[in-house]
Amino acid sequence: MEGGAQPTTNEAKEGHELHVQTLENKIRELPLKDRLKAIAIQHHYLQKEKLDKECDEKIHALQKQYDIKSLPIYAEQQSLINGQRAVSAEEQELFKEFFSEAELQEAQQIAQKAEPIDNYWGTVLTNCDNLSHVFGEKDKDILKHLTSIVLETSADTEVFTLRFTFKDNEYFKNKELTKKFIIEEGKDFPTSTVGTVIEWNEGKDVTVKIVEKKQKNKKTGASRTIKKKETQLSFFNFFKNSEDKDEGEEEGKAGNIDEDYEIGKTIAEEVLPYSLEYFLGINPDDEDYEDVDEDEDGEDDEDEEDDDDEGDDKKKLLQQRKKSGDSKKSDKDKKGKAEKPECKQQ
């Protein structure tokens with residue numbers, strides 16, 4: 001996955017508006033004879049921008065169409081993960097590629113049992129580098145009880161919901177936690193979010209910490225100790241409604257929506273499609289690169305000359321892979337910053 005901070009949906013929109021304003025201001029600074037040509041050129045520039053937007057909309061619609069077709073595939077994967085069914089005869093045909101003749105018979109017998117994979121989704125989430133910044137110290141223990149993540153959406157709506165199912169656990173009473181992203185008609189990103197209110201067991205709320213603070217009366221000099229709740233780093237802050245995080249602060253509310261949307265997109269676009277890779281501890285995008293040993297200091301010039309051709313080849317290979325990675329990032333950013341997560345269901 002690509003590292004580094006990425007612009008949020010609101011930041012992207014504001015950045016585009018600022019770019020347009022800068023362009024117009026620069027045009028106004030031109031001499032009259034150049035200004036009139038620049039205005040005409042800008043007209044065609046805006047026509048190209050309109051075509052690009054139309055193209056993006058058609059790509060989005062086509063992508064959504066095929067993502068809807070993928071839903072049964074994700075459901076089959078989830079049924080295996082949860083142990084809702086045994087491995088089918090068709091799936092068992094693949095065993096020959098992974099088992100020796102001696103192991104094959106035993107594998108086929110085990111495959112008849114419908115058993116879940118322990119801590120599959122907890123492992124998947126905590127192995128995703130792009131989510132590492134949202135986890136608190138106790139989240140990992142809670143996520144061991146997570147049994148499924150499902151993305152719910154349909155072809156005729158832009159609203160989508162992430163549904164998390166949990167086994168009985170010591171932390172909260174809920175069997176399911178959901179996060180809904182509401183995208184109004186004509187908008188490219190959510191205007192609000194709705195999350196499940198978590199029914200925490202006594203003393204088990206990992207999103208807050210009770211701290212004691214001393215206060216002193218300015219007039220009498222008397223002091224007292226009060227208890228106050230402080231928000232703690234935790235993945236489970238994700239389920240709070242955007243309005244509940246910074247009440248009365250419109251800018252804070254927008255920032256919360258953007259932050260939650262980035263988490264939601266990561267789960268929908270990266271975690272769900274590549275869950276097996278994350279479960280195995282593989283970051284999918286890392287497969288595009290490999291370590292290349294640099295020349296050590298102190299080597300003879302003659303050795304360096306002998307390695308020139310090989311070094312050039314390695315540089316070319318890295319450049320090609322970097323271009324490929326940049327292309328992926330560009331496509332992901334272009335799609336991700338202006339659109340909701342596509343319709344995938346696990």
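With which side chain does the side chain of S79 make a polar contact? In this predicted model, the partner turns out to be R85, and the two side chains sit 3.1 Å apart in that contact. S79 itself belongs to helix α2, which runs over residues 32–81. Leaving aside residues up to four places away in sequence, S79 touches Q84 as well as R85. The relative accessibility of S79 is 10%, so this serine counts as buried.

Stepping back to the whole chain, the fold is built with 11 helices and 6 strands. Of its 346 residues, 31% count as buried. The accessible surface adds up to about 22,800 Å², and carbon and sulfur atoms account for 49% of that. As for how the chain comes together, take the contacts with a separation of 6 or more: 62% of them link residues 24 or more positions apart.

Now for the interior. The largest nonpolar core has 38 residues, and the members that touch the most other members are L125, F164, F235, F236 and I267. Several elements each put at least two residues into this core: helices α5, α6 (139–143) and α8 (250–271), along with strands β1 (146–152), β2 (160–166) and β3 (176–182). Helix α8 supplies the largest share, with 5 residues. I267 gives a good view of the packing: beyond four places in sequence, its contacts are L125, L131, I149, L162, F164, F235, L272 and P273. L125 and F164 thus turn up both as contacts of I267 and in the group of core residues that touch the most other members.

Helix α5 deserves a closer look. It covers residues 120–127 and is mostly covered itself, with 6 of its 8 residues buried. Those buried positions are Y120, W121, G122, T123, V124 and L125. Just ahead of the helix, N119 lies in the loop between α4 (101–110) and α5. Most residues other than glycine have a negative phi. N119 goes the other way, with a positive phi near 50°. With a relative accessible area of 26%, N119 is partly exposed, whereas its neighbour Y120 is among the buried residues of α5.

What about the cysteines? The structure holds 0 disulfides. C128 has a relative accessibility of 1%, so it counts as buried. C55, by contrast, is at 40% and therefore counts as partly exposed.

Finally, a word on how far to trust the various parts. The mean pLDDT of the chain is 79, and 74% of the residues reach 70 or more. Confidence is highest in α6, at a mean of 97, and lowest in helix α11 (residues 308–338), where the mean is 45. Two stretches are worth flagging. Over residues 247–251, pLDDT stays under 50, and the model has 0 contacts beyond four places in sequence for them. Residues 313–346 also stay under 50, yet here the model has 84 contacts beyond four places in sequence.

Methods
Residues numbered from 1 in each chain as written. Predicted model: local features only at pLDDT ≥ 70, side-chain atom pairs only at ≥ 80, totals over all residues. Heavy atoms only, no water. Helix = DSSP H or I, 4+ residues; strand = E, 2+ residues; numbered from the N terminus. Buried < 20%, exposed > 50% of the residue type's maximum accessible area, 1.4 Å probe, protein only. Polar contact = N/O pair within 3.5 Å; in protein donor to acceptor, adjacent residues only side chain to side chain. Contact = heavy atoms within 4.5 Å. Areas by Shrake-Rupley, 256 points an atom, 1.4 Å probe, with all protein chains shown as cover. Core = buried A, V, L, I, M, F, W, Y, C linked by side-chain atoms within 4.5 Å. Disulfide = S-S within 2.5 Å. pLDDT = per-residue confidence, 0-100.
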